[in-house]
Amino acid sequence: MKDRFNLYRFASPATFYPLAGRMIPWFAAFAALFGLAGLYLGMLVAPTDFQQGEGYRIIFIHVPASWMSMFIYLVMAFWAAIGLAFNTRLSGMMAQALAPTGALMAFLSLWTGALWGKPMWGAWWVWDARLTSELILLFLYIGYMALVAAIDDPRRADKAGGLLLLVGVVNIPIIYFSVQWWNTLHQGSSVNLTKSSMAVTMLWGMLLMAFCFWSYAIAVALARVRSILLERERHTDWVKAELLGVGDGERA
Amino acid sequence: MLAAEQLACVRGERRLFANVGFRLDGGELLYLQGRNGAGKTSLLRMLIGLLPPEAGQILWRGQDIHEQIDEYRAELCYLGHHNAIKEELTPLENLLLSARLADETLSEDDALDALEQVGLAGREDLACKYLSQGQKRRVALARLVKERRALWVLDEPFVALDVAAVAWLAGIISGHLQRGGLAVMTTHQPVDIPAGTVRELRLG
Amino acid sequence: MLKIIAAVIGRDLKLALRRQADIVSALFFFIIVVSLFPLGVGPEPDLLRKLAPGVLWVAALLATMLSLPRLFADDHRDGTLEQLALAPHPLGLAVTGKVFAHWLVSGLPLALLAPVLGLQFDLPTDALLVLTGSLLLGTPALSGIGAIGAALTLGLRGGGILLSLLVLPLYIPVLIFGAGAVDATVAGLGGEGHLSLLAALTFAALGFAPWASAAALKIALE
């Protein structure tokens, strides 16, 4: 019975902590690798766009960052649902650890969108449906982080934050749809960001960058979960042992 | 009727207690004792089903309370630290409303009778904000006069009461036990309850 | 079921009537915010007519926010919320009653007052009617969604500001369709499409929000 493979075993903090520690360098290496390859394809190999010149190359950051910002919110909501349904401690910490990265991605997406918008539309900000939705997504991230930070009891923080994430995930499609509706009503059709005739190298560049962001997000989230774990479980024996055997996290 | 098995409680990052258990049958009273911060109120909140236990379970008539929460609560009366009365309403309104919201039937005559028993005759129609602390506590306690639910959970019921009121409340609790009811309460001052079997549970 | 909802509504209305100052100050806040706009942007009737739907709706959102922190806080402080949670029926029912009572004392007066303020912005009669209608349809959703935020932030320091941070982004669809209905009427396009979407939003919010709020309240009461 003792050695039976069991997912719950990995959900136990004492097991998860060293496991996460071993995984971080791998994902960090993946992130660097994919990042270099993606930037190489995007900046050097991909052809110059005949309409937009070199400026379009910012999409190699912008598009993957937008994807990740939405994807991370979904992953957080997934962990929240698991946490509320099965009362697992690690789930809430996972959601909390992902939030800053998700917010960073949303911010990156807005920032690069503005940088791109200036040469494209002649303005730093236009009330394009996608940009507006991304802005609202950033608000949702900030609201989540503010709520979790305001609650002292970590269990209540996990549960309340999780509930907010689920409410948010139900609302995101409604918000997205309403912003779309509002946008078409007020602006006619705005500039279409994605060209259908996208070159294969461009697609690959974006995919590689997306993998890079993905690995980066996993690596930082794991690192953050580890510090949250240490903080929350600082009274337990395994943390004391961990801290006494300085840097012993890698021990097999 | 009421049984707790292997209960454990963690608040924040502190483990308050573990492996707490007891059994309580009709006509029995359980005194919860322990120093401040030992987890008395937390245990009470577990018993009323607001705080899920970290480990263990609470059984009512042999079944986990969380599997029959509405049925369990129909037999439960809880009196907490707070009086659960509205300052803007009169004692009579408060009493009638709390009965209605708890899905009980309480006639106006019964309510007036209860208020008279707690010594608030003549103040039924005065907004509670004009009453003293002790009088507000009596409004809260007036609920117990006509209360016929099987399990009473009382958190420090004797606080802010004068000697006469303490004796009166002890009598009310005795009557409840004599009718075959159960009671769980915390208190710092041991009060002599004339009827029923008294059990004690010390935390910490 | 209906008995409990009615009992909670009755109690909250009685309490609100004995504390009328709260209702009145939220209404005055609404009036003042709306009246500040012409002072800020200038009195040209064309501009004001264009701004009116958005200004009135945003002011209505903010005025609703004002009364939200107290939705559960008073009941929490005096222990009545605990008793509601311990009643032998689902807490979501009691919350439904509280949401409805909140709408009666906050959303409904706003909707009834709005056409008078719309006159200040030179809105035509049909737009005034649609404005009132859109507020009548949309403000229940504001109370419902707001209740989730109020329950999540119950008893937290800085709860009021946090509440706005959580709730205002979720109000965006209501704002878009509510103000859009009036906008479309002013433009002569007819606001029926917006109004029916607004009604759908409100129905969804009223079905979903009380239960989410009840879950949040149980977390807060642990």
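**Sheets, chain contacts and a helix face**

In strand β2(B), B:Phe22 is the bridge partner of B:Ala4, and one position further towards the start of the chain B:Ala3 has B:Arg23 of β2(B) as its bridge partner. The structure is a predicted model, in which local features need pLDDT of at least 70 and side-chain atom pairs count only at pLDDT 80 or more, while totals for chains, interfaces and linings use all residues. Residues are numbered from 1 along each chain as its sequence is written, and chains are lettered from A and ligands numbered from 1 in the order in which they are written.

The two bridges just named belong to an antiparallel pair, in which β1 (residues 2-11) and β2 (residues 14-24) of chain B are joined by seven bridges. Strands count as paired if DSSP finds at least two bridges between them, and the elements themselves are DSSP runs numbered from the N terminus, with helices being H or I over at least four residues and strands being E over at least two. Two residues lie between the strands of this hairpin, and B:Gly12 takes a positive phi near 60° there.

The hairpin forms part of an open sheet of four strands in chain B, with antiparallel pairing in the order β2-β1-β4-β5. Because β2 and β5 (63-64) of chain B stand at the edges with a single partner strand each, one side of each is left without a neighbour in the sheet. Helix α1 (residues 40-47) of chain B packs on this sheet and touches β1, β2 and β4 (55-60) of chain B, its direction making about 125° with that of β1(B). Contact here requires that the C-beta atoms of two residues, placed from the backbone, lie within 7 Å, while the axes are lines fitted to C-alpha atoms, for helices over the stretch in contact, and the angles run from 0 to 180 degrees between N-to-C directions.

Chain B holds another open sheet, of five strands with parallel pairing, in the order β6-β7-β8-β3-β9. Its edge strands are β6 and β9 of chain B, each of which pairs on one side only, and the twist from one strand to the next averages 15°. Four bridges join β6(B) to β7(B) in the parallel sense, and among these strands' residues B:Tyr78 has B:Val153 in β7(B) as its bridge partner.

Which residues does B:Leu201 touch, leaving aside those up to four places away in sequence? B:Leu201, found in strand β9 (residues 197-202) of chain B, touches B:Phe22, B:Leu30, B:Leu32 and B:Gln33. B:Leu201 counts as partly exposed because it has 18 C-beta neighbours inside 10 Å; a residue is buried if 20 or more other C-beta atoms, placed from the backbone, lie within 10 Å of its own, exposed if 12 or fewer do, and partly exposed in between. Confidence in chain B is lowest in β9(B), at a mean of 85, and highest in β7 (residues 151-155), at 94. Over chain B the mean pLDDT, the predictor's confidence in each residue from 0 to 100, is 89, and 100% of the residues reach 70 or more.

Chain A has eight helices and zero strands. Of its 252 residues, 38% are buried, and residues 24 or more positions apart account for 80% of the contacts with a separation of 6 or more.

Chain C touches both other chains. The contact between chains A and C takes 22 residues from chain A and 20 residues from chain C. On the side of chain A, α5 (129-150) and α6 (154-187) are the elements that give two or more residues, and the largest share, 13 residues, comes from α6(A). That side divides into 17 nonpolar, three polar and two charged residues, where Ala, Val, Leu, Ile, Met, Phe, Trp, Tyr, Cys and Pro count as nonpolar, Asp, Glu, Lys and Arg as charged, and the others, Gly among them, as polar.

The contact between chains B and C takes 21 residues from chain B and 19 residues from chain C. On the side of chain B, two or more residues come from each of α2 (69-73), β6 (76-79) and α3 (91-101), with the largest share, four residues, from α3(B). The residues of that side are eleven nonpolar, four polar and six charged.

Within chain C, helix α4 (residues 70-78) has C:Leu71, C:Phe72 and C:Asp75 as buried residues. Seen down the axis of α4(C), these fall within an arc of 65°, so they line one face of the helix, the arc being that of the directions from the helix axis to the C-beta atoms. What covers them includes α5 (80-86), α6 (91-120), α7 (125-152) and α9 (192-221) of chain C, and just after α4(C) a positive phi of about 90° is taken by C:Gly79.
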